[in-house]
Amino acid sequence: MARIYDYPEQLIPHPSPENFQQLWNSKKGNIPAASGKVHLEIGSGSGRYLIEWAQANPQDFFIGLELRYKRLVLAAKKMEQQNIHNILLMRERGEFLHEYLPNDSMDFMHINFPDPWSKKSRRKHRILSAEFLNRMLPLFRSKGELMFKTDHLEYFETVTEILQQLKTYTIVEHTSDLHGSEYNEHNILTEFEMLFKSKGNPPIGFLRAEVI
Ligand SMILES: C[S@@+](CC[C@H](N)C(=O)[O-])C[C@H]1O[C@@H](n2cnc3c(N)ncnc32)[C@H](O)[C@@H]1O
């Protein structure tokens, strides 16, 4: 638990708009082309996906929101060991993102294997809802993109329907079997996805939607 405070350059354990802005500004100053794209991952876990994206795109800037201390510490440790400076992690709920990012500031939102809240009575806790997607909309820059993966195909279809009904996002890539699809070539595996692969490899839903 104490290790959550060991990575002040990587991780904000108790974020506020002020300490977020401070670390963001200092990190942005370290990136050669500060005009890079801004990526946001909600539920970034132990950071595997975020780190691979950030290494492949050193000109871009990445923010990971995660709730679990241990996963945040693991991600921050990897970032420190691998000398990665273009990621900022914070212990915050994705639902509060709008308190940190101004409108028109985010290019990509990634949500991978969010908690599915399978029971009907608990589905109101799902992060991807029409209300959430509407609230996030102003944060996107023009041509912003949402990327979503899940092994829970009912959740996947529900989100697909919500996006189609909203008419503010256009789905440009969509498959109920990511690993068997043409999109797999560019797929970056998350920790949970690796686990699924090793345990029977169930079909994974994947979609990419552009903000209209
Ligand atoms: C099933 S895990 C997937 C982790 C990672 N995305 C992966 O695919 O390996 C879901 C993660 O989302 C985090 N989480 C759950 N609700 C969240 C929320 N409202 N905001 C941010 N993170 C959340 C959990 O702590 C957990 O680490």
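**Exercise 1. Place β3 in its sheet neighbourhood.**

Task: In which sense do strand β2 (residues 38–42) and β3 pair, and over how many bridges?

Solution.
- Step 1. β2 and β3 pair in the parallel sense, over five bridges. The model is predicted.
- Step 2. Find a residue pair. His-39 stands opposite Phe-62 in β3.
- Step 3. Follow the connection. Helix α2 (residues 48–56) joins with β2 and β3 in a β-α-β unit, and this unit is right-handed.
- Step 4. Turn to strand β4 (residues 87–91). It runs parallel to β3, and five bridges join the two. Here Leu-65 stands opposite Met-90.
- Step 5. Trace the chain from β3 to β4. It passes through helix α3 (residues 69–81), and this β-α-β crossover is also right-handed.

**Exercise 2. Judge the cover on β3.**

Task: Which residues of β3 lie on each side, and are they buried or exposed?

Solution.
- Step 1. Recall the rule. Side chains in a regular strand alternate between the two faces of the sheet.
- Step 2. Sort the residues. One side holds Phe-61, Ile-63 and Leu-65; the other holds Phe-62, Gly-64 and Glu-66.
- Step 3. Check the cover. All of these residues are buried, and both faces of β3 are covered. The count for the strand, residues 61–66, is six of six.

**Exercise 3. Find what packs around α2.**

Task: Which residues of α2 are buried, and what covers them?

Solution.
- Step 1. List the buried residues: Tyr-49, Leu-50, Ile-51, Trp-53 and Ala-54.
- Step 2. Name the cover. It includes the strands β2, β3, β4, β5 (106–112) and β6 (140–150), and helix α3.
- Step 3. Move on to the loop between α2 and β3, where Asn-57 lies. Its relative accessible area is 19%. The cut-off for buried is under 20%, so Asn-57 counts as buried.
- Step 4. Look for contacts of Asn-57 beyond four places in sequence. They are Phe-62 and Asn-86.

**Exercise 4. Read the whole sheet.**

Task: What is the strand order of the open sheet, and which strands stand at the edges?

Solution.
- Step 1. Write the order of the eight strands: β1-β4-β3-β2-β5-β6-β8-β7. The pairing is mixed.
- Step 2. Pick the edges. β1 (11–12) and β7 each have a single partner strand, so one side of each has no neighbour in the sheet.
- Step 3. Find an antiparallel pair. β6 and strand β8 (residues 205–211) run antiparallel, joined by six bridges. In β8, Ala-209 is the bridge partner of Leu-146.

**Exercise 5. Describe the setting of Ser-176.**

Task: Where is Ser-176, and which residues does it contact?

Solution.
- Step 1. Ser-176 sits in the loop between β7 (169–175) and α6 (191–198).
- Step 2. Its relative accessible area is 32%, so Ser-176 is partly exposed.
- Step 3. Set aside neighbours within four places in sequence. Ser-176 then contacts Leu-153, Phe-156, Glu-157, Pro-203, Ile-204 and Gly-205.
- Step 4. Compare sequence and space for Gly-205. It is 29 residues from Ser-176 in sequence, with 4.1 Å between the C-alpha atoms.

**Exercise 6. Map the ligand site.**

Task: How many residues surround the ligand, and which are closest?

Solution.
- Step 1. 18 residues surround the ligand; Gly-43, Glu-66, Arg-71, Glu-95 and Thr-190 are the closest.
- Step 2. Take the ligand nitrogen. A nitrogen atom of the ligand lies 2.7 Å from a backbone N or O atom of Gly-43.
- Step 3. Take ligand oxygen. An N or O atom in the Arg-71 side chain is 2.7 Å from an oxygen atom of the ligand. A polar backbone atom of Phe-192 is 2.9 Å from an oxygen atom of the ligand.
- Step 4. Assess the cover. The ligand alone exposes 590 Å², and the protein buries 91% of that.

Note on methods: Residues are numbered from 1 along each chain as its sequence is written. This is a predicted model: local features need pLDDT of at least 70, side-chain atom pairs count only at pLDDT 80 or more; totals for chains, interfaces and linings use all residues. Side-chain values use heavy atoms; hydrogens and water are left out. Buried means under 20% relative accessible area, exposed over 50%, partly exposed in between (1.4 Å probe, protein chains only). Helices (H or I, at least four residues) and strands (E, at least two) are DSSP runs, numbered from the N terminus. Two strands pair if DSSP finds at least two bridges between them. A crossover is right-handed if, with the strands pointing away from the viewer, the path from the first strand over the helix to the second runs clockwise. Contact means heavy atoms within 4.5 Å. A residue is near a molecule or strand if one of its heavy atoms lies within 4 Å of it. A polar contact is a pair of N or O atoms within 3.5 Å; within protein, one must be able to donate a hydrogen and the other to accept it, and residues adjacent in sequence count only if both atoms are side-chain atoms. Accessible areas come from the Shrake-Rupley method with a 1.4 Å probe; for residues, only the protein chains shown count as cover.
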